[in-house]
There are 2 protein chains.
Amino acid sequence: SIVVNHSERSLIFADLTPQEYQLVRNYMWGQADLKISHAATARTSENFIFLIDLLLPKKADALLYLDAKGPKPPREATVVVFFGERGYLKEYVVGPLSGDMRHRDVTKEKYKLPSLPFTARPVTIGEYVQLFTFLYNEVFRKLETELKESFGYIPNQRNLNAFEGMPRGVTAGDRKTWLSFFRDYSGMYIHPVGFEVLINHEDKNSSNWKVEKLLYNGEYFDSINSFKRSYAASRLNKIVFKDISNYASLKPRRRPTGLGPQQYYVQGKRFSVRNNQVIYLDWNFAFGLSSLTGMRVFDVRFKGERIAYELSVQEAMSVYGSITPGMILTKFLDSSIGIGRFAHELVRGVDCPYLATYVDVYRYIDTNVTQRYRNAICVFEHDTGRPLRRHFSDFFHNSYGGLANSALYFRTITAIGNYDYIWDFIFYQSGSVEARVHATGYISSSFKVDGSLKFGHQVAENVLGNIHTHFVNFKVDLDILGVKNVFQTKDMVFEEVPLPWMPQRKAKIPHLVENQIRMERDGALRYDSKMPRYLHVASNQTNCWGHQRSYKLQVVSFAGDHLPESEPEEKSMSWARYKVAITKHKDEEQTSSSLYSQNYMWDPVVDFSKYIEDNEVIDNEDLVAWVTAGFLHIPHAEDIPNTVTVGNGGGVLLRPHNYFDEDPSIHSPDGVYFNPG
Amino acid sequence: SIVVNHSERSLIFADLTPQEYQLVRNYMWGQADLKISHAATARTSENFIFLIDLLLPKKADALLYLDAKGPKPPREATVVVFFGERGYLKEYVVGPLSGDMRHRDVTKEKYKLPSLPFTARPVTIGEYVQLFTFLYNEVFRKLETELKESFGYIPNQRNLNAFEGMPRGVTAGDRKTWLSFFRDYSGMYIHPVGFEVLINHEDKNSSNWKVEKLLYNGEYFDSINSFKRSYAASRLNKIVFKDISNYASLKPRRRPTGLGPQQYYVQGKRFSVRNNQVIYLDWNFAFGLSSLTGMRVFDVRFKGERIAYELSVQEAMSVYGSITPGMILTKFLDSSIGIGRFAHELVRGVDCPYLATYVDVYRYIDTNVTQRYRNAICVFEHDTGRPLRRHFSDFFHNSYGGLANSALYFRTITAIGNYDYIWDFIFYQSGSVEARVHATGYISSSFKVDGSLKFGHQVAENVLGNIHTHFVNFKVDLDILGVKNVFQTKDMVFEEVPLPWMPQRKAKIPHLVENQIRMERDGALRYDSKMPRYLHVASNQTNCWGHQRSYKLQVVSFAGDHLPESEPEEKSMSWARYKVAITKHKDEEQTSSSLYSQNYMWDPVVDFSKYIEDNEVIDNEDLVAWVTAGFLHIPHAEDIPNTVTVGNGGGVLLRPHNYFDEDPSIHSPDGVYFNPG
Ligand SMILES: [Ca+2]
Ligand SMILES: [Ca+2]
Ligand SMILES: [Ca+2]
Ligand SMILES: [Ca+2]
Ligand SMILES: [Cu+2]
Ligand SMILES: [Cu+2]
């Protein structure tokens, strides 16, 4: 393998270490006035540290350190505390982690509110424990006969599993969750049983929680008792339990005897990972994994020159259609649950090649200890199987030149409940970087009732695969030769011109049209509008041919409408309006979504469209591109048991466009050339 | 490696063998009345066999043979004869190749014309020989001083190479070609010297050819003499020759020491190629390579069931913008030059993996002998580096199931002058097939003059990379459970509905909208219109959940306008109007373009839009989908020396959608599953 010189500089972007998490936790526990519970999973009525995560350094400080030998920015942590006792949420900055630690309430500074509404918080493990107890006592215990006859419920086995709809209500402050029930099978998500309950768990004291509605085989009931009476009187359409085999199982149906092609590194690994830094041929970058937003890279350099300050996953959203209440309103915003939080161990030979380098990660979220996730990131070089470039010539000259397309992949896979997203950042020898996501795992489904087929296709007995969208948002903070950049578009138009050698004859000829966009509102390119085909973040510096050096953003997406803006929930996902939106960089606009978006959709603390509303000048400023890709998913039988990745993805490719004076891959050590001997 | 049972059935789609080509050629040579020249490269005034190629069996006959034990369709050949003596073109069918051969003039039957106009033919090697002689005598010899001073021309070395603009004129019957001159370097295409001449070579006798115009450093001249006078009097802006290094060279700039990851087959090859048949896991198909249209597969079956009768490349088109005459009108239609004709030997380790299976092909085109092209097709299995599906579960159940995405690639690469297209048909274990094209090789360029920058970017000293499009057309003859199919669309719309459990509250919910399209004109989906996101070719038969079994067409394309329809050349590329067009299958509508499109653009013998104009019913008929993909190419410095494939491609993915009852990859022998031990 290669021997390279790693540097320490990437460490300013490194996730907190187990020691740092512990330091911060203990510090916070030590603040008597905060009265924080030490419980592993606190009750909703207690004060609880939900999250400790790295506070990213301010960009100016980081650049001073990276580029101008400035001081190393201090390590600091963000701490999210759910104050159950007091009924609100707060965020703190704690630091410096080396030295004399202090904490500072940053809620007002970040959100213009002294504290955040208590119902804006995600549901903690502690709250789930309470919810399941409530469910057991208030629903299952009271309906043992009905559930047994209908769904084969066995009290001691608690063999009905719940899946939640989100958001939890229709207006700010609501915390009423429809729970749908599924057979206790692996792959339960495609085993709905036709029973759903609406639980009001708004109150911080679970003793005040209530069952507000029930749905049984398409029929609504106002209470456990009214359902029981109807059932007993056979005034409803009973579902009769039937044992079925588990079509959701991922067990191979054939004895697994196969083994596809495998890659090996003839020269050993040509990349190196140390701490949170990757070096691969001409590339190097820092990386991290945010518990909330997922994977991210910083200070991405090619041949030593920074191309991107940050490239990160921001959000994954899905909007569902259904006739059943558990899914009719469902709009998942995964970063509120935690995207990086669900980056689990990767399986060698399937998730990543056997020979990949695997990296452990540590997180502190929703429990009172740091958790280690082994092999949750993989880094590998892969031959894409198609030349990066080649030319065969037999006109005038006979020769051949070419280059295999080996690229570096940086990957995590996050399994948030039913769905698995495969996240890739790919670094090519031509100076391009690609951010890619593919969806796999289980679809969400509902028990098929009258009218269901308006919302999807049947995919198993009594099971509807519900129509939904997948939208993901990436943050792309390109810095092209420094932070002062412009946003340009290029396209082609046909213009009629006389032919120069026979001016009486006219023809429509493609012309290049270039534009520079000067204001944020004009640089926010909506999904539903026709947009120029080439989008560039450019420097005012030129390459040797006099053209502005730039990177082009090429979005691959099959998405359409995200949600009508008239819907109150839309503000929580307003980033999805734009295929690409360019904003002026601000440290305060670190993310396009937030931890609180899912449960406070109607009045989100982060509304991305506000980043644009002030319509700042984006001419010669530090620009950030927010890119949305996605697709419409109309489930079909082949989604059983799992959705396949082929065709179910999207992303953005960042390509040099007059950034260099020629294709940098001509300098690759892998080049092949020959002419007739 | 695997042991499989190949069958003979694919042979009805096999390209002609060397013996068959010879048989046909000798038979035609034996027809005294046709007076065909035996010359390797005939003069334009002679009668000449331009092409011998397989005549595909009629589909009905083929299906009878394949499915109903009908007779084997006879082997027949298409023969294209350029009658220089008579000033027209004709096509013959010759056959049966085993038995008593006959020939039949099919020109009228195919094209509704007794013969085709002589200027509709492509330029043969013979005509090029005459053109270069003409050039040498009428241009180079007369301008030795001027060319030497300006471009370093050395008479004995003939070190200026020509590149042609197309079409050759502005109206039917024209054959006036602008030739642009380039330095005699490998990669000449990016070494324009600023000199172009317009040659009228319409007459079949080259003695009547004329130089009609000259362009020198942006200035036009009516004759060699007027140019010479201006030059001598220094009344023009002289270009002074300067020796430069060859920035177009593909020679690695660094010593090639690298070797990226390589794949190997742990279990040997899991696919088998015999004759023109490929078997890979559940897939099998027949293949061929048409000299004109390029690669194609037939009788594509998954688990024994035919999914597609034909999947083939049809055309590759590029429209250029320029201020210079050599490129201002240029619209390349590659199938007129021959796409398959330029499928050359593939380089192991770059063009395809070392361990691929390579197949030789034989062609008879533009010369009097059969030519063998070694290793012009490759077939390989490749791990795409991303799981086909996977799910990790730690909610309620702990388990992991997944499958690496190993797929079979069928590939040719065609280098038509400057550009190389990499053509892939990819067969996935989930029952999907993908047709993909990527562009690489050299861009076309022009000598930079005043006004050039409206048509592209400068990419080297005095060199403009001209703006252009890449459009490719695929024929996709899906047969979903037989030939009687329907065309359906699916999409999502938001509709406002009351929430069932609180009807006073309304919300906009995604609904599934399905449509069936009954007429060809409605099934031709124009590039410039909003179209439903899901397009399906469906059977009226249903899967076990009651849904029509279908394949979905998912087009990946970055194309836009192809050419305004008001332009007279547009009829020759009218297929490019449509992202997807569905027609009723006809043997007479075998291709969307033709050999004669390039040189008779204004009145093409095949105008694809006519296939649709008759607006036939496409409801329960044999349907063919014609798919157009492509992208806009605004050349930039990184196109030097070669365009890279990353981001420069397009294609169509054919995905089962309720075709099966579940994902067939669950039966893959490669499946991986485990739960906690
Ligand atoms: Ca702003
Ligand atoms: Ca920036
Ligand atoms: Ca028709
Ligand atoms: Ca068909
Ligand atoms: Cu989905
Ligand atoms: Cu191009």
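## Helix H6 of chain B

Helix H6 of chain B spans residues 224–232, and its buried residues are B:Ile224, B:Ser226, B:Phe227, B:Ser230 and B:Tyr231. Around the helix axis these residues cover an arc of only 165°, which puts them on the same side of H6(B). This is a predicted model.

The face turned away from the buried side of H6(B) carries B:Arg229 and B:Ala232, both exposed. Several elements of chain B cover the buried residues. Among them are helix H4 (125–140) and helix H5 (144–151). Strand S9 (210–216) and strand S10 (219–221) also belong to that cover. After H6(B) comes B:Ser234, with a positive phi near 55°.

## Helix H2 of chain A

In chain A, helix H2 runs over residues 59–67. Its buried residues are A:Lys59, A:Ala62, A:Leu63, A:Tyr65 and A:Leu66. Viewed down the axis of H2(A), the buried residues fall within an arc of 165°, so they line one face of the helix. An α-helix has 3.6 residues a turn, so residues three or four places apart point the same way.

The buried residues of H2(A) pack against four strands of chain A: S15 (294–302), S16 (305–319), S28 (468–478) and S35 (621–633). Just after H2(A), A:Lys69 has a positive phi of about 55°.

## How the two chains are related

A turn of 180° lays chain A on chain B with an RMSD of 0.0 Å, and the shift along the axis is 0.0 Å. The two copies are thus related as by a two-fold rotation axis. Both copies use the same surface: 100% of the contact residues of chain A recur in chain B.

Which residue of chain A comes closest to the rotation axis? A:Gln263 does, with its C-alpha at 2.1 Å.

## The largest cavity

The largest cavity has a volume of about 930 Å³. It is lined by 39 residues. Closest to its centre are A:Arg386, A:Arg436, B:Arg386, B:Glu434 and B:Arg436. By class, the lining has 14 nonpolar, 18 polar and seven charged residues.

Strands from both chains contribute to this lining. From chain A, strands S19 (371–383), S24 (433–441), S33 (548–556) and S36 (649–657) each supply at least two residues. From chain B, strands S24 (433–441), S33 (548–556) and S36 (649–657) each supply at least two residues.

## The second largest cavity

The second largest cavity holds about 90 Å³ of space. Of the 14 residues that line it, those closest to its centre are A:Gln262, A:Gly349, A:Cys352, A:Pro353 and B:Asp383. The lining of the second largest cavity divides into seven nonpolar, five polar and two charged residues.

## B:Leu654 in strand S36

Strand S36 of chain B contains B:Leu654. Is B:Leu654 buried or exposed? B:Leu654 counts as buried because its relative accessibility is 4%, and the cut-off for buried is under 20%.

Residues B:Leu654 and B:Tyr551 lie 103 residues apart along the chain, yet their C-alpha atoms are separated by 6.1 Å. B:Tyr551 is also one of the residues that B:Leu654 touches, with neighbours up to four places away in sequence not counted. The other contacts are B:Gly431, B:Ser432, B:Val433, B:Val476, B:Leu478, B:Lys552 and B:Leu553.

Note on methods:
Residues are numbered from 1 along each chain as its sequence is written. Chains are lettered from A and ligands numbered from 1 in the order in which they are written. This is a predicted model: local features need pLDDT of at least 70, side-chain atom pairs count only at pLDDT 80 or more; totals for chains, interfaces and linings use all residues. Side-chain values use heavy atoms; hydrogens and water are left out. Copies are superposed by least squares on the C-alpha atoms of residues with pLDDT of at least 70 in both. Contact means heavy atoms within 4.5 Å. On a 1 Å grid over the protein atoms alone, a cavity is a set of points where a 1.4 Å probe fits but cannot get out, and a pocket is an open set with protein on both sides within 12 Å along at least five of seven lines; lining residues have an atom within 4 Å of a point. Grid points are joined across faces, edges and corners, and a volume is the space filled by probe spheres set on the points. Ala, Val, Leu, Ile, Met, Phe, Trp, Tyr, Cys and Pro count as nonpolar, Asp, Glu, Lys and Arg as charged, and the others, Gly among them, as polar. Buried means under 20% relative accessible area, exposed over 50%, partly exposed in between (1.4 Å probe, protein chains only). The arc is that of the directions from the helix axis to the C-beta atoms.
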